[in-house]
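Trainee: Could you take me through one part of this structure closely? I would like to look at the nonpolar core and what surrounds it.

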Amino acid sequence: MEWNVNNAFKTYKEMEPKAMMDMSLIPHSDPIDIALGSSSDNTTTPPKRKKTMTSVFLKYFETAPDSKTRKCKLCGQSYSIATATGNLGRHLNNRHPGYDKASSDVATTSAPPPQTPPVAVKPSPSQSKAPQLDYDHLNWLVLKWLSLSSLPPSTVDQTWLRNSFKFLNPSVQLWPSEKYKAVLKEVFRSMQGDVKTSLEHVHSRVSLTLSFWSSYESIFYMSVTGHWIDENWSSHRLLLEICRIPYPSGGSEIYASLLKVLKMFAIEDRVLCCTHDNSENAIHACHSLKEYLDGQKVLPFSYIPCSAQTLNDIIDEGLATIKPIISKIREFTQELNASLELSDDFVQLTTAYQEGNWKLPIDASSRWSGNYQMVNILCKAGKSLDSVIRKNEECLENRMVLSSAEKNAVSIVHSYLDLDSFHKTTDDMCTNKDLTVGLALLFMDNISEMITTCQKSCHNPDWLRTCAENMSQKARSYNTQVSNVFTYITAVLDPRIKTEYIPETLNLASYIDEARVHFIRNYASPHFTSSLASGYRPHQEIDEGGGNISFAEEIARRKRRGSMSNSNAVDELTQYLSESIVPMQTDVLDWWKGNSGRYPRLSNMARDFLAVQATSAAPEEIFCVRGEEIDKQKYCMPHDSTQSVLCIRSWIEGGMKLKFKSTEIDYERLMELAATVAADNSDKNQHKRDYS
């Protein structure tokens with residue numbers, strides 16, 4: 001799409017019933033009151049004004065039927081019939097610069113002419129007119145700001161925001177919130193069409209992730225995100241839909257909404273796996289979906305729990321007994337972050353006591369990252385903590401003072417549960433760009449071993465062993481859900497894992513045989529029906545002796561080729577598993593891209609299965625403060641904007657272009673235009689100051 005510096009965007013008649021004009025970003029100048037007349041001779045008496053008032057400004061205003069008010073034909077602003085024409089002139093100069101250059105039709109008609117979507121026209125070399133920018137373009141920038149900030153359109157109705165724009169330039173007119181809402185919905189429909197088109201060109205199988213939340217209006221939502229790997233071994237993630245789950249928002253309602261999404265995007269026969277958030281309703285919905293797809297006799301489908309959510313639940317069980325103590329430390333930390341005096345005291349004391357270097361502000365979120373920091377403050381900077389509290393008893397009060405028993409309980413949990421190892425695991429999950437199902441299983445297997453060690457320790461108090469048992473139950477539940485041949489295939493196709501690092505509960509001899517069967521059936525065997533899809537051919541194949549062969553012989557030859565193909569396919573899988581694993585820092589997709597020539601059939605299966613997600617959401621959204629920020633944005637979004645705003649944000653962040661009725665909005669060009677106009681006006685202002 002091209003752009004003209006004089007016409008980067010036009011307003012849309014469908015969305016705005018009143019006429020808008022192209023206006024330049026020109027410096028504000030004082031209006032000249034030509035209605036009253038003026039002269040350099042102070043002794044000249046102004047001519048007496050006639051009662052009929054034939055001012056040149058009046059043609060831009062229309063008189064109301066009651067003859068009590070006049071309304072501006074350009075913006076609809078009303079004034080009393082007794083308003084001086086000089087004030088009307090000031091209105092036109094301030095609100096509509098360049099009004100006198102507009103078409104004379106403005107003065108005689110109140111309906112805007114039909115407007116077309118924004119197109120680009122290259123300016124001619126001879127064009128000498130200064131760059132101009134329609135002030136309506138600002139509304140498109142505001143619309144993108146609302147989307148990327150996850151703000152509802154009602155934000156623009158805030159008086160302070162509108163007054164701020166008026167202060168910067170009185171000519172600026174923001175759309176009403178209802179128009180922003182309508183435009184966002186149209187943009188959503190246009191971009192959703194691009195999402196459907198993208199999926200039509202996906203030739204591999206698609207895996208899904210599900211996420212759920214409730215808003216302040218007690219409305220339950222589900223987001224459905226698709227994941228796949230293209231022919232160039234590039235991973236793709238694309239939000240498909242945000243659905244409102246109707247009451248009572250159980251498994252049946254989730255299943256119905258999910259199936260509707262799959263059919264809307266025509267991928268119900270290409271879905272390989274669904275990663276859910278471990279909730280009972282989500283498990284029920286995925287189970288119903290599997291039964292439906294199995295009944296349709298499409299390719300095999302499976303579903304797995306979120307490893308990050310499972311690990312977060314395990315950690316919560318381990319911290320359950322010391323949560324009240326963590327809350328007291330969090331309250332202190334929040335005061336510490338808010339007070340420069342307390343922060344200085346804490347930094348000085350930690351340096352004096354050699355209790356480490358602490359970066360302020362300290363993460364005090366309620367996520368695992370914040371809880372870990374609270375425990376760390378007590379265990380690694382306990383002296384500084386006590387000293388700051390005692391020194392500032394008046395402002396911190398005694399409620400923050402920790403007893404010896406509380407300190408001891410936190411120390412025991414930190415030591416025997418080895419919280420540092422938990423933190424290393426979650427940190428690696430958050431930063432690892434190749435968090436495959438196989439790698440997640442490796443992490444979870446290590447966590448299970450740590451919990452077992454804690455359970456077997458005879459030095460732990462009973463309450464800690466109870467915590468360890470609850471943690472172990474969460475881990476066993478996860479292991480039970482992932483113990484199937486589908487997860488086994490997904491794991492071994494990671495060249496860093498293969499069969500060497502598969503958990504014992506999953507590394508069964510029967511699974512390798514089932515994996516071979518699945519591989520041969522779906523990725524190696526020639527599809528006989530596909531070969532004959534074009535129907536019977538009238539000409540016959542020629543045998544080696546030059547004679548015609550029968551159709552039966554043709555079938556027999558295909559059978560023999562299929563048998564040889566199956567043998568080669570099994571050799572691919574056997575050869576792959578017999579080779580050594582690669583280092584953990586290896587890029588998995590790059591490895592398969594480089595080795596797809598050695599494993600042409602197996603690489604097709606790897607491209608499908610490696611798209612299966614180990615987590616239902618990004619790990620940092622589950623473990624870190626970023627998740628709190630996202631939850632707040634989702635919680636505060638009204639229902640009439642949730643789908644459009646959140647989807648548009650995700651699509652823009654994913655690299656898609658914002659569109660309105662199939663017309664691409666080139667924000668980069670718009671910003672260049674605004675910068676050019678601003679620079680031009682700045683030069684003009686400087687020139688005026690130099691000569692004043």
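Mentor: Happy to; we will begin with the core and then move outward to salt bridges, strands and some backbone details.

A word on the basis first: this is a predicted model, in which local features need pLDDT of at least 70 and side-chain atom pairs count only at pLDDT 80 or more, while totals for chains, interfaces and linings use all residues. Residues are numbered from 1 along each chain as its sequence is written, and side-chain values use heavy atoms, with hydrogens and water left out.

Now to the core itself. By nonpolar core I mean a set of buried Ala, Val, Leu, Ile, Met, Phe, Trp, Tyr and Cys residues joined through side-chain atoms within 4.5 Å. Buried stands for under 20% relative accessible area, exposed for over 50%, and partly exposed for what is in between (1.4 Å probe, protein chains only). The largest such core has 94 residues, and the members that touch the most others are Ile322, Leu419, Phe422, Leu493, Trp592 and Leu602. Its biggest contributor is helix α15 (residues 437-456), which gives 10 residues. Helices (H or I, at least four residues) and strands (E, at least two) are DSSP runs, numbered from the N terminus. Apart from this core lies another, of 66 residues, among them Ile245, Val261, Leu289 and Ile665. As general background, nonpolar side chains in soluble globular proteins tend to be buried together.

Let us zoom in on Phe422, which sits in helix α14 (residues 419-431). Phe422 counts as buried because its relative accessible area is 2%. Contact here means heavy atoms within 4.5 Å. Setting aside residues up to four places away in sequence, Phe422 touches Leu311, Ile314, Ile315, Trp368, Leu417, Ile447, Met450 and Met471. Asn446 is 24 residues from Phe422 in sequence, and their C-alpha atoms are 9.8 Å apart.

Trp592 is another of the residues that touch the most other core members. Beyond its neighbours within four places in sequence, Trp592 is in contact with Trp233, Leu493, Pro495, Tyr576, Tyr599, Leu602, Ser603, Ala606 and Leu610. Two of these partners, Leu493 and Leu602, are also in the list of residues touching the most other members.

Helix α15 also holds Ser448. At 16% relative accessibility, Ser448 counts as buried. Not counting neighbours within four places in sequence, Ser448 is in contact with Ala475 and Asn479.

Just before helix α14 there is a backbone detail to look at. Asp418, in the loop between α13 and α14, has a positive phi of about 55° although it is not a glycine. With 32% relative accessibility, Asp418 counts as partly exposed. In general, most residues other than glycine have a negative phi, and most peptide bonds are trans.

Helix α13 brings us to the salt bridges, each a side-chain nitrogen of Lys or Arg within 4 Å of a carboxyl oxygen of Asp or Glu. A search of the whole structure finds 25. In one of them Glu406 pairs with Lys328, the closest N and O atoms being 3.4 Å apart. Glu406 is in helix α13 (residues 404-416) and Lys328 in helix α8 (residues 323-338), so the pair ties together parts 78 residues apart in sequence.

Another salt bridge joins Asp640 and Lys181 at 2.9 Å, N to O. Asp640 belongs to helix α25 (residues 639-653) and Lys181 to helix α4 (residues 177-200), so this pair ties together parts that are 459 residues apart in sequence. Lys181 counts as buried at 16% relative accessibility, whereas Asp640, at 34%, counts as partly exposed. Together with Glu178, these two are linked in a network of salt bridges.

Last, have a look at the strands, which pair if DSSP finds at least two bridges between them. Strand β7 (residues 271-276) and β8 pair in the parallel sense over 4 bridges, with Cys274 standing opposite Tyr303 in β8. Both faces of β8 (residues 302-305) are covered: Ser302 and Ile304 on one side, and Tyr303 and Pro305 on the other, are all buried. In the loop between β7 and α6 you will find Asn278, which has a positive phi of about 80° although it is not a glycine. Asn278 is buried, with a relative accessible area of 19%.
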